[in-house]
Amino acid sequence: MSEEPSGKAHNPLEILLKRLLPADARFLGEQKITAGAGAQTSRLQIVFQEGRRDWILRRAFDTADAGFGGVISKTLEAATLRAVYGAGIAVPQVIYVLNENDGLGEGFIMTALAGETLPQKILRDAQFAAALPEMASQCGGILAAIHNIDSGSLPALPQRSTADYLALYYRAYTAYNQPMPVFELCFRQLQETMPPAVAPALVHGDFRNGNFIVGAEGIRAVLDWELAHIGDPMEDLGWLCVNAWRFGRIDKPVGGFGERESLYSAYETAGGTAVEVSRVAWWELFGCLKWGVICMYQLQLHLNGSDPSLERVAIGRRISECELDMLELLEQGLLQ
């Protein structure tokens, strides 16, 4: 995970940490983590009596990302993390949820876990070579556990029917007044082939390579729950297989590291519902379209000056990749 020095100290943060940390702990400083466009993320370097143990600070952007395309608030994300941690899912532990008196905006502090998150390194570095063949099965087991969490233990997450979710992204797309023929074709095809409703479950919403902490043994934890909601569990399986999350390893449809059969088999074996291949294919196409709309949104933040960072505009350039992925899936005719 790429990091850079934060520079000037943040007094509100130092005041908060003085209150949270034991008297014998030392705060060494904050480092901005540049990976990820969904939150302002920093590593808080802390030395406790027993040794160095860092925390992670996740804060909402001032550009009002919360609410776009189903993004939940950081407060709700923290509550979700606490619920899934309590259910035994491998995620960071939430230490503290910010409030308005802290002067840091909306966000939370969680534990920092060791491991790699950059997909390019995970897919290419020799240290992960033995783990890659196992990761599709690991994903299946993790997703089955997530989808089987009792909804009564969860915070009040948004519940999204498939039709409402498609409409949500169509409204976001049309708001930019930038007609895209391939997007229009994909919206129409998804509308015409929409699968029937199923029993809803907790959906991570962004379960993919890049949101895992990975070690030599495989997946250690699942990050970035800002798109969590209640909906069709097959959405997570389809999103995991979107070509954008293979990072060049297009021959491995599951995250660039595995096969669909391994994912589906492990999912069912771990207690997930029977996998409907056509339903997963629908969600994979939806995922390509969803990512395309998100790319449009990221580009708009750059163009309107809300966030002129290069990361936003670089993501916006990937719209054409999404169009190619959508056309390829449509040509395969998997939704017929």
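How many residues lie between β3 and β4 in the hairpin that they form? The tour begins there, after a word on the model.

The model is predicted: local features need pLDDT of at least 70, side-chain atom pairs count only at pLDDT 80 or more, and totals for chains, interfaces and linings use all residues. Residues are numbered from 1 along each chain as its sequence is written, and side-chain values use heavy atoms, with hydrogens and water left out.

**First stop: strand β3**

Select residues 40-48, which make up strand β3. Helices (H or I, at least four residues) and strands (E, at least two) are DSSP runs, numbered from the N terminus. Of the 9 residues in β3, 7 are buried, that is, under 20% relative accessible area with a 1.4 Å probe and protein chains only.

Add strand β4, residues 51-52. The hairpin of β3 and β4 has 2 residues between the strands. β4 pairs with β3 in the antiparallel sense over 2 bridges; pairing requires that DSSP find at least two bridges between two strands. Within this pair, valine 47 is opposite arginine 52 of β4.

Next, display strand β2, residues 26-33, whose antiparallel pairing with β3 comprises 7 bridges. Centre on serine 42 in β3, which has lysine 32 opposite. Then show strand β5, residues 55-59, joined to β3 by 5 bridges in an antiparallel arrangement. Here serine 42 stands opposite leucine 57 of β5.

**Second stop: arginine 279**

Move to helix α9, residues 277-303, and select arginine 279. Arginine 279 counts as buried because its relative accessibility is 4%. Apart from neighbours within four places in sequence, arginine 279 is in contact (heavy atoms within 4.5 Å) with Pro195, Pro196, Val198, Asp232 and Met234.

**Third stop: α9 against α11**

Keep α9 and add helix α11, residues 319-332. Two packed helices are described by the angle between their axes and the distance between the axes. For α9 and α11, the angle is about 165° and the axes are 9 Å apart. Axes are lines fitted to C-alpha atoms, for helices over the stretch in contact, and angles run from 0 to 180 degrees between N-to-C directions. The two helices are therefore roughly antiparallel, a label for angles over 145 degrees.

To view the interface, select residues including Leu285, Cys288, Trp291 and Met296 in α9, together with Ile319, Met326 and Leu330, among others, in α11. The residues of this contact divide into 12 nonpolar, 1 polar and 2 charged. In this grouping, Ala, Val, Leu, Ile, Met, Phe, Trp, Tyr, Cys and Pro count as nonpolar, Asp, Glu, Lys and Arg as charged, and the others, Gly among them, as polar.

Notes. Buried means under 20% relative accessible area, exposed over 50%, partly exposed in between (1.4 Å probe, protein chains only). Angles under 35 degrees count as roughly parallel, over 145 as roughly antiparallel, 65 to 115 as roughly perpendicular and the rest as oblique.
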